[in-house]
Every structure is written in structure tokens, then in C-alpha cells.
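These are notes for a colleague who is opening this structure for the first time. Please keep the sequence and the model side by side while reading the numbered points.

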Amino acid sequence: MAHTDKRSVTHIRCLLVLKKLGGAGAGVRSVELAAELDVSKPSVYAMLRTLGEMGLVRKQPHSLAWLTPDGIRLAGQYAQYYDAVFAALRQAAGNQSGGRPAAP
């Protein structure tokens, strides 16, 4: 995987949202991704271009974006990390009955 030094929190959020919205292998439209991330469409295009250069996303111009097999694997790892951190924080706060917030 090239360009791992460019991977930011925003890119990770994008991977997680692509995983969430395209869970059954469906492609995700840029406008849906922008709405879910609460960012502009040009920001989404830039993120998808960078993630594509990293081999994590493939996108058809003016169409849908999908996670690649590497993107699916990495998004799954980040989702596991998120779940583990949230569980630890919830335990530290003593709130064993609270609900899990939606992944970014």
C-alpha cells in the first residue's frame, strides 16, 4: 500500500463511511458520502482520489465509489479499533448500559 503517510483521520472516516454505506458491496455516490461526512463534494473527490492512489478505493468518474479488497480489510480493522476504544472508554466511565454511537 503506497502513500500510507497521507492517511489522515479524515481518510479513515471516509473508509468507515464507505464501509457503512456500501456494506453489501454496493457503490456509494459522492453526494451521499459528502452528506454523511458533512463535507463538500470537492473534499470528497480529493479524499477519494488520495484513497484511490493508496489502492483502498476505486471510483468511476462522476459515478460510484467502492472499497477495494485492501480498503475493506483496512476499514474492518479501523472499525474493530473504534469498537475497542469505545468499549474501553465506556468501561472507564462506568457506563455499562449505554448504547454505542454510530461509527463516523
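1. Two strands are taken to pair here if DSSP finds at least two bridges between them. With that in mind, β1 and β3 are joined by two bridges and run antiparallel to one another. Please bear in mind throughout that this is a predicted model.

2. For general orientation, the protein has four helices and three strands, and these elements follow the pattern α-β-α-α-β-β-α when read along the sequence. Of the 104 residues in the protein, 31% are buried. If one takes the contacts between residues at least 6 apart in sequence, 48% of them join residues at least 24 apart.

3. How are the three strands ordered in the sheet? They form an open sheet in the order β1-β3-β2, and the pairing is antiparallel. The edge strands are β1, which covers 28–29, and β2, which covers 57–59, and each of them pairs on one side only. Helix α1 packs on this sheet, where it touches β1, β2 and β3, and its direction makes about 100 degrees with that of β3. As a general reminder, the strands of a sheet pair through backbone hydrogen bonds, either parallel or antiparallel.

4. The individual pairings can be followed residue by residue. On the β1 side, Arg29 stands opposite Leu64 of β3. On the other pairing, β2 and β3 are antiparallel over three bridges, and Arg58 has Trp66 in β3 as its bridge partner. Arg58 also lies over the face of Trp66, at 4.6 Å from the ring centre. The hairpin of β2 and β3 has four residues between the strands, and within this hairpin His62 takes a positive phi near 55 degrees.

5. Which residues have the most contacts inside the largest nonpolar core? They are Cys14, Leu15, Leu18, Leu33, Leu48 and Val57, in a core of 22 residues. At least two residues of this core come from each of α1 (9–21), α2 (30–37), α3 (41–53), β3 (64–67) and α4 (69–93), and α1 gives the most, with five residues. In general terms, nonpolar side chains tend to be buried together in soluble globular proteins.

6. Leu33 is a useful residue from which to look around this core. Not counting residues up to four places away in sequence, Leu33 touches Cys14, Val17, Leu18, Val28, Val44 and Leu48. Among these partners, Cys14, Leu18 and Leu48 are, like Leu33 itself, listed with the residues that have the most contacts inside the core.

7. His11 is found in helix α1 and deserves a separate look. Is this residue buried or exposed? Its relative accessibility is 10%, so His11 counts as buried, the cut-off for that term being under 20%. Once its neighbours within four places in sequence are left aside, His11 is in contact with Lys6, Met47, Thr50 and Leu51. The last of these partners is 40 residues away from His11 along the chain, yet the C-alpha atoms of His11 and Leu51 are separated by 7.2 Å.

8. The count of aromatic pairs comes to one. The rings of Tyr78 and Tyr81 have their centres 6.0 Å apart and their planes at 85 degrees, and therefore the pair is edge-to-face, a label given to planes over 60 degrees apart. Both residues lie in helix α4, three residues apart, which is about one turn of the helix. Tyr78 has a relative accessibility of 16% and so counts as buried.

9. Two loop residues can be set side by side. Thr68 lies in the loop between β3 and α4, and because its relative accessibility is 13%, Thr68 counts as buried. Leaving aside neighbours within four places in sequence, Thr68 is in contact with Gly55, Leu56, Val57 and Arg58. Asp38, by contrast, has its place in the loop between α2 and α3 and is exposed, with a relative accessible area of 69%. The phi of Asp38 is near 60 degrees, a positive value in a residue other than glycine.

Terms used. Residues numbered from 1 in each chain as written. Predicted model: local features only at pLDDT ≥ 70, side-chain atom pairs only at ≥ 80, totals over all residues. Heavy atoms only, no water. Core = buried A, V, L, I, M, F, W, Y, C linked by side-chain atoms within 4.5 Å. Buried < 20%, exposed > 50% of the residue type's maximum accessible area, 1.4 Å probe, protein only. Contact = heavy atoms within 4.5 Å. Axes fitted to C-alpha atoms, helices over the stretch in contact; angles between N-to-C directions. Phe/Tyr/Trp six-rings, centres within 6.5 Å; stacked < 30°, edge-to-face > 60°. Lys NZ or Arg CZ within 6 Å of the ring centre and 35° of its normal.
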